[in-house]
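Biologist: I would like to go through this protein slowly, asking at each step what lies behind the words we use for it. Could you show me the model before we begin?

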Amino acid sequence: MNKTVLITGATSGMGKETALLLAEHGYSVYAGVRRSSQELMDEAEKRGVKLNTVALDVQDTASIQQAVQHVMAKEGKIDVLVNNAGFGLVATLEEGTDEEIFQQFDVNVFGLIKMTREVLPHMRHAQSGVVINISSFLGKMGLPLLSHYNASKYAVEGITDSLRFEVAPFGIRVHSVLAGLFGTNFVKKGLVANSKTTSADSPYKDLVSHFVPIVAKAINEGPDPLPIAQAVKNIIENEASDIAVKVGQESELFVPLRKSMDDKAFEEKVKETFGL
């Protein structure tokens, strides 16, 4: 029996690659899209795979409910939920605005909670299901100018770890993918910069001029996000998958180090690596 997969934020980057890979392997994929899905559908046609799209904005509770109802009406089940939608706010803690703070958490955290909340009753009724949260190595460590994003991904990790206990009795598995920096449209489409932080008048301008190019270069010149999609596929198909799957150079380096070193030593390693 083909598994039905619902993926949020599937129009580009990791979500797009995951939707296409799973569709190529016979999954019934519903790719959640906020706006145009043309790029995604063009790529699906190019690869010769069938893909379904569904209007889905994780900041809109009604949109979430309608998307889940649509998939259930078409398929009668949702076997896998991939919470991929997200963005990163580049801002110092001092300069981030209320609107920016709330939006960061509305998309990365509250949207994930609401999306999962809507799908869980169907999985619980079926006594099976897999929830995969696309997280980040920055859910396990901090970096400057990304404190809001860091906090959102720390929250995702906390949600993932707590939810696992709640739904295990119903045969539902919960995992996270700790992504490193990959070559996606994240800098263009997934990063939002605070205007004060990036202005020449910011008291943090020296830090910004040093650190932002490092992150931008790592993403713009990073590897293809296919390993993220492959990790998602492996989690679905392997019940013994790790709880938190490390994917990418930064994740594979820093996550184990974070566990093996004390706090001060680890912070010194981060400073040394990024020239802070």
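What follows is a conversation about how the terms fit the values.

Modeller: Please keep in mind from the start that this is a predicted model.

Biologist: How many helices and strands does the protein have?

Modeller: The protein has ten helices and nine strands, and along its principal axes the C-alpha trace spans about 55 × 40 × 35 Å.

Biologist: How do you know that the radius of gyration agrees with that of a compact globule?

Modeller: For 276 residues, the rule for a compact globule gives a radius of gyration near 19 Å, and because the protein has 19 Å, the value agrees with the rule.

Biologist: What share of the residues counts as buried, and what share of the contacts joins residues 24 or more positions apart?

Modeller: Of the 276 residues, 50% count as buried, and among contacts with a separation of 6 or more, residues 24 or more positions apart account for 73%. As for the surface, the protein exposes about 13,300 Å², and carbon and sulfur atoms supply 51% of that area.

Biologist: Why is Leu 145 called buried?

Modeller: Buried means under 20% relative accessible area, and Leu 145 has 5% relative accessibility, so Leu 145 counts as buried. Leu 145 is found in the loop between β6 and α5, and its phi is near 70°, which is a positive value in a residue other than glycine.

Biologist: And what makes Gln 127 partly exposed?

Modeller: Partly exposed covers what lies between buried, under 20%, and exposed, over 50%; Gln 127 is at 45% relative accessibility and therefore counts as partly exposed. Gln 127 is found in the loop between α4 and β6, and here too phi is positive in a residue other than glycine, with a value near 60°.

Biologist: Let us turn to the charged side chains. What makes the pair Arg 47 and Glu 43 a salt bridge?

Modeller: The definition asks for a side-chain nitrogen of Lys or Arg within 4 Å of a carboxyl oxygen of Asp or Glu, and the side chains of Arg 47 and Glu 43 meet at 3.0 Å, N to O, so the pair is a salt bridge. Both residues lie in helix α2, four residues apart, which is about one turn of the helix.

Biologist: Why is Glu 43 called buried, and Arg 47 partly exposed?

Modeller: Glu 43 has a relative accessible area of 19%, so Glu 43 falls under the 20% limit and is buried, whereas Arg 47, with 29%, lies between the limits of 20% and 50% and is therefore partly exposed.

Biologist: How do you know that Arg 164 and Asp 161 form a salt bridge?

Modeller: Their side chains meet at 3.3 Å, N to O, and because the limit is 4 Å, the pair qualifies. Arg 164 and Asp 161 both lie in helix α5, three residues apart, about one turn of the helix. Arg 164 is buried, because its relative accessible area is 18%, while Asp 161, at 31%, is partly exposed. Elsewhere, salt bridges that share partners join Glu 17, Glu 24, Glu 43 and Arg 47 into one network.

Biologist: How many salt bridges does the structure hold?

Modeller: The structure holds eleven salt bridges, and one of them joins the side chains of Asp 79 and Lys 77 at 3.0 Å, N to O. Both Asp 79 and Lys 77 are buried.

Note on methods:
Residues are numbered from 1 along each chain as its sequence is written. This is a predicted model: local features need pLDDT of at least 70, side-chain atom pairs count only at pLDDT 80 or more; totals for chains, interfaces and linings use all residues. Side-chain values use heavy atoms; hydrogens and water are left out. Helices (H or I, at least four residues) and strands (E, at least two) are DSSP runs, numbered from the N terminus. The radius of gyration is taken over C-alpha atoms; the globule rule is 2.2 Å times the number of residues to the power 0.38. Buried means under 20% relative accessible area, exposed over 50%, partly exposed in between (1.4 Å probe, protein chains only). Contact means heavy atoms within 4.5 Å. Accessible areas come from the Shrake-Rupley method with a 1.4 Å probe; for residues, only the protein chains shown count as cover.
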